[in-house]
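Student: I am new to this structure and would like to know how its descriptions are justified. Please show it first.

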Amino acid sequence: MISTAQFLLLCITTALALPLGLRAATPTTPSPAASGPVVALPPMIVAEPFKAQPWLYVAAGDTEFLSRCSKSITRDFVTTQLEIHRALRGFVPPEFLATSVPLIVLVLPMSSMPGPDDAVLRNLRQGRLAESANVHFLPNQRLEDHDMTAVFNFLDESNFSGERLIVAEDFFEALLLRRTPMLPAWLIEGLVRIYDHAYKHAVPMVLPPLIWLSFDESMGLQRDPEGRRPLLPGNELFAPDAVIGPDHTHAVRRQVWSAQCALFVRWALDPAQPGARTALWRLAERVSREPMTETIFAESFGFGYSDLRDRLSDYLPTAVKASVKLAPAELPPLPRFEIKTATVAQVARLRGEWERLEIPFVRQHHPEFLPRYIAQARLTLRRATSRGERDPQLLATVALCELDAGDPAAALPLLEAAGAANVVRPRVYFETARLRWEALTRNAPPEKIFTVAELQPVLAPLQTARTQFPPLPEVFLLTFDAWLRCEQRIPAAELEKLVAAVPLFRRYAGFGLRVALLQLKNGRRAEAAAVLSSGLEFLADPTTRARRRKLLAALAAPPLVP
Amino acid sequence: MSRRHLIFLLLLAGACLPFARGAPTPFEKFVTNLYRPWQAEQVALSPDGEHLAYTRHEAGNLVIEIMTVSRPAPKFKIIADDDQPVLFAKELRPAYLRFLAWASPTRLVFAPVPKADALTSITAVNRDGTAPMTLAAPDDFAVTVTFAPPGVGGRERLTQRSIHIVGFAPGHRETLLIHALGTAPMPYATDVPTTLVAIDVTTGKKTELAEETNYGRYLPHPGGNLHLLYSQPRYATTRIFELKKPGFWDRWITLDEAWGGPLTKAFKVTPENYHGERAFPLGFDVDPDLLYYASNVGRDTYGIYALDVRKKQRTPFAVEEPHVDLALPEPGDPSPLVFDPITSQLVGVRGVGVAPFTRWIDPEFATLQQDLEKKFPQRTVELLQWDDARRRLLLRVTGGIEPGRYHVFQRPENVMVEVLRSAPWLRNADLHRGTTFAFDTPGGAHLTGYLTFPSKPRINPPPLLIDFSDGVMGSAQPGFHRQAQVLAELGFIVARVNHRGMSGFGLAHRNAFRDGGDRVPVDDALAAINWIAGHHAIDRKRMATFGRGLGGYLALRALQLEPDVFRCAVAIDAPLAPALWLMPPLEDLGPGSQADAADYKILLSSRPPPPIDFAQEVRRAFLLGGSAKLTSVLSHVETLTKPVMLIVNRPEDDPIALQNAFLRAKLSRQGLDPELLQTANPFAADLPLERAKTFRRIGEFFNLNLYDYGVKVGPTKEIK
């Protein structure tokens, strides 16, 4: 039943696989095996109790917390959050995780968590949900935008223990995926697989015996350390197309690749391999900027791919048998924080941000409920704006809300206002530029080119976005596209800046290509070839690689003289 | 003394007890582990690619293990043979297989290597151990020989015949072809023939296909017929090849110009041309008119060619390598020719250069080889076997730091499955890195070799050891070398140079020694030192030599010729006066020495002359027949001014042992007291524990004479 209490809080129930920002070690939801097939439920609407705790606000580092739990629980929760994130940085050095991606955490007591909405269920049962289906839901959830992340948590205040909190696996993966320069796939796969199975509460972390390919394979190796072991050669393990392309996609190969990535990372982190941990991070730093080669590997580890394959093979029987206690890392002190009562603007902005983030999700999974979510987000944000609040962050949220709600006309002036107030939200500038670019090119034929003056309204916000964190690939891609349709050449200094950004997003196929086209436009044929050539080794898709090779061959040919 | 102190002392004493008992040191453990018999010395992939059979040594037995390739499953074990006790030693001498192959996806055939005093049988068994069957036993092929010297009544004796396994009949794996080998004709005795027999591996039924009385080596033919004979006369130094021409009264004819065309002129073998320019057949193609042969006539290295016997002309087929002989000078095993087991077509030619390689004629394998080599950089990849569908390939990967790993490449999945390791008790991280090198000397010689780098050098830069290994006439060595690993463990960069005089690198390479003498390998060692110093940091003030057999001789000669370069030398079983060593023995009773008492009188009255030792004649022709004479170490003892260690693994009355004892006496009189290590039990010298003891002594010798920091090191002399 839909409550008509003071405000509505939306909470989406989803499949277990849905990414969670923070996860209680004892989940409140039965496992899929126990409850049968998992069905994503549509949003449920939660009423705020009439006599609820006041909202508390905490800012610590890049994270803002908005809590409705008691002050002591909030303190414990925030402290634990900071501790587990610090411990994570003992597992992976902070420079290899995405930085400067603001995090918003909303915390509510479990007592305020409602059951699923009857009307919603009724609606669903008429459609895709069987009458007999059991209904469970996962209240905790993480939603992501281009330049920020938000997490929603229910806490059982009567039984809360910080020791049961961990950084969820998918959140960890997101931190790796969003890191710039982008990390190679083998490293992300290896770290995530290891982290999935690690005893995360131990400090330093403990890795249990490795599950190698399958239970049978692992038991087989435990029984017979000289048993068979599928292993990929080093050059294939680290190749960008290791599991992409016609000859590389067999299920067995994909399984071996994934397991071997984990084996390699585990081997390198095992304190029994002196120097390997340092070598791993040295290698990771280099290959996030340069194509992986055996020479680079040997410079980091002191031996080549064949020796690595053999060492991993020798290590495997130990890995499936024994746990590994990782070496303790030197960790920075926890940031100090202060718990304050949240202002109306803070509550509206943070809750509004969360509700805004739900809109794209609902649009994708439950479009029939979209209007209610849009209305809810607008209502939340209006509580602050109607009081005359003009905080740039709030303006940015309202603008993005209108954009996500599908009203770009309403969004543009708000985006421009937030930009004019120098808000630090790169997406705001990107969206401003995108809307202007769409307006500029809407009725223009594809071959039409523009003057610098015409493009300036597009390029100016993009230039601002490029100076902010986190760096967004779409900002650069739109900049490239704009300059490619400019009748003038791009100024040399500007081109240099764009070329300098290439290492950040090498694994995007179109990134290096556009830079190369800009260089060609400026008559820098050799530099264009160099960018394409260095980017080639980062490309995974064989078709794209073939096209890129063709282009390089064309560049290598002498230019046609008219 | 308090109780606590007493307990502490007791614990300390307990901890020291193993050392007091003479427990092996870590170094000795390293050596014994290196020299343990490896597993997978024989390995066979089943025709369906699903199972792999391989040998390993376990608790004094030679065991065949059968594993499943595609999934983890328990292995099945079959005891194939037992290791043999060694006189006066605790260790056992490992048994080996000479044949291991799948007759079908479920049936395996194997045969142990015959022991010194007994012939062994051939056995077939299902992969689950059921239906075991002896396919052939020595008694199955015994023949009665009548021995009747003039004036003496004939005597009959039952003689067993050795079994040579030809292989499965082409296209018929259920039929195994063997030769029951005849013996060299004896005066006054009836001939012992060679018989070709087909054995059904399921029923054990034997069928005699052909029988020949000519003595020699019958070269295998895919069809199994006795088409080609490498005759080995007892009293002549010339060997010829004979051919059986069907339809011409079914008789043997000499494969000469008249019958094989002008090419076959080069097929005659004598001690003088053995290491010279000549040609010799290797075997027939599945087409019986096509004979493959090796030849270095008109070129430096042996290439592989084909002769159309019907047309008496060479075909366009040719496989050649610039610096490597593609065939060993002795025809037969191991044959460089690789045939597909299904089609019996020639698919490749194997060669042994600095590393083993295969020149694939089959284009599918040629492409595969290239792809597979990319998967294992700095390693040698050998494509050994494949299943009938060519979906699973068995590879051996060796070289550098790796003793050997076997992989099955599953082509549909594009996944490599490591199935076996030659020495799983050796960890990659504990071994010493190795590499190969190749360069041209200023004199134009193309030299290759192997370097092994110590993972924990005792001093930096590390000292260099020139290991002459087996010396002159030796052949290319494996990339992973146990002895090099041991010497690297002692802190050396170990250089094994394929110096001139060694076999397998062409005529000019080998004959340079015959014409230039012992100076040639020593010059090659000096050139290698210069090259190595240009590429790796070495301590040129601490360089030593090492060698075994003729390699030991070269190690000592290097010390005599270049005393300013080398600090000391270790020589094992070195013939110090090669000319004496190559002299024929004073007395040879010949084959009659095994006769029983009843025959003894007959022997005394009609003893045949001893047979020709062809191998010794070849050595004599090569080492003593050239323009340069081999200088005896003993004749220039006064030039031996640096420390030497002499190791003798032979009985005290052996000529080499006597020569070493003589050298020691002479050096002692000069005031240079060399260390002579006479192995207490020569029968066990090649077994791991004895080797560990010997290497420990060698380590002590180097500690004293090379690592002694108190010793004044002379000025560095540049080698030109």
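Tutor: The model is a predicted one. Begin with strand β7 (residues 97-102) of chain B, which is joined to β8(B) by five bridges, the two running antiparallel.

Student: What makes β7(B) and β8(B) a pair?

Tutor: Pairing requires at least two bridges between the strands. Five bridges join β7(B) to β8(B), so the requirement is met. One bridge links B:A101 with B:V109 in β8(B). A hairpin through four residues leads from β7(B) to β8(B).

Student: How do you know that β8(B) also pairs with strand β9 (residues 122-126) of chain B?

Tutor: By the same reasoning: four bridges join β8(B) to β9(B), against a requirement of at least two, so they pair. These strands run antiparallel. B:V109 has B:A124 as its bridge partner in β9(B).

Student: Why is β8(B) called largely enclosed?

Tutor: A residue is buried if its relative accessible area is under 20%. Six of the six residues of β8 (residues 107-112) of chain B are buried, so the strand is largely enclosed by the rest of the structure. Both faces are covered, with B:R107, B:V109 and B:A111 buried on one side and B:L108, B:F110 and B:P112 buried on the other.

Student: Which strands of the sheet β1-β2-β3-β4 (chain B) stand at the edges, and why?

Tutor: That is an open sheet of four strands with antiparallel pairing. β1 (43-45) and β4 (76-82) of chain B each have a single partner strand, so one side of each lacks a neighbour in the sheet, and they stand at the edges. From one strand to the next, the twist averages 25°.

Student: What joins β4(B) to strand β3 (residues 61-68) of chain B?

Tutor: Six bridges join these two antiparallel strands. B:L62 stands opposite B:D81 in β4(B).

Student: Now chain A. Why are α12(A) and α14(A) called roughly parallel?

Tutor: The axes of α12 (residues 344-365) and α14 (residues 392-404) of chain A come within 10 Å and cross at roughly 20°. Angles under 35 degrees count as roughly parallel, and the two helices are therefore roughly parallel to each other. The crossing of α12(A) past α14(A) is left-handed.

Student: Which residues make the contact?

Tutor: Among them are A:R349, A:E353 and A:R356 of α12(A), and A:L394, A:T397 and A:L400 of α14(A). By class, the contact has five nonpolar, three polar and five charged residues.

How values were computed:
Residues are numbered from 1 along each chain as its sequence is written. Chains are lettered from A and ligands numbered from 1 in the order in which they are written. This is a predicted model: local features need pLDDT of at least 70, side-chain atom pairs count only at pLDDT 80 or more; totals for chains, interfaces and linings use all residues. Side-chain values use heavy atoms; hydrogens and water are left out. Axes are lines fitted to C-alpha atoms, for helices over the stretch in contact, and angles run from 0 to 180 degrees between N-to-C directions. Angles under 35 degrees count as roughly parallel, over 145 as roughly antiparallel, 65 to 115 as roughly perpendicular and the rest as oblique. A crossing is left-handed if the near helix is turned anticlockwise from the far one by less than a right angle, and right-handed if clockwise. Contact means heavy atoms within 4.5 Å. Ala, Val, Leu, Ile, Met, Phe, Trp, Tyr, Cys and Pro count as nonpolar, Asp, Glu, Lys and Arg as charged, and the others, Gly among them, as polar. Buried means under 20% relative accessible area, exposed over 50%, partly exposed in between (1.4 Å probe, protein chains only).
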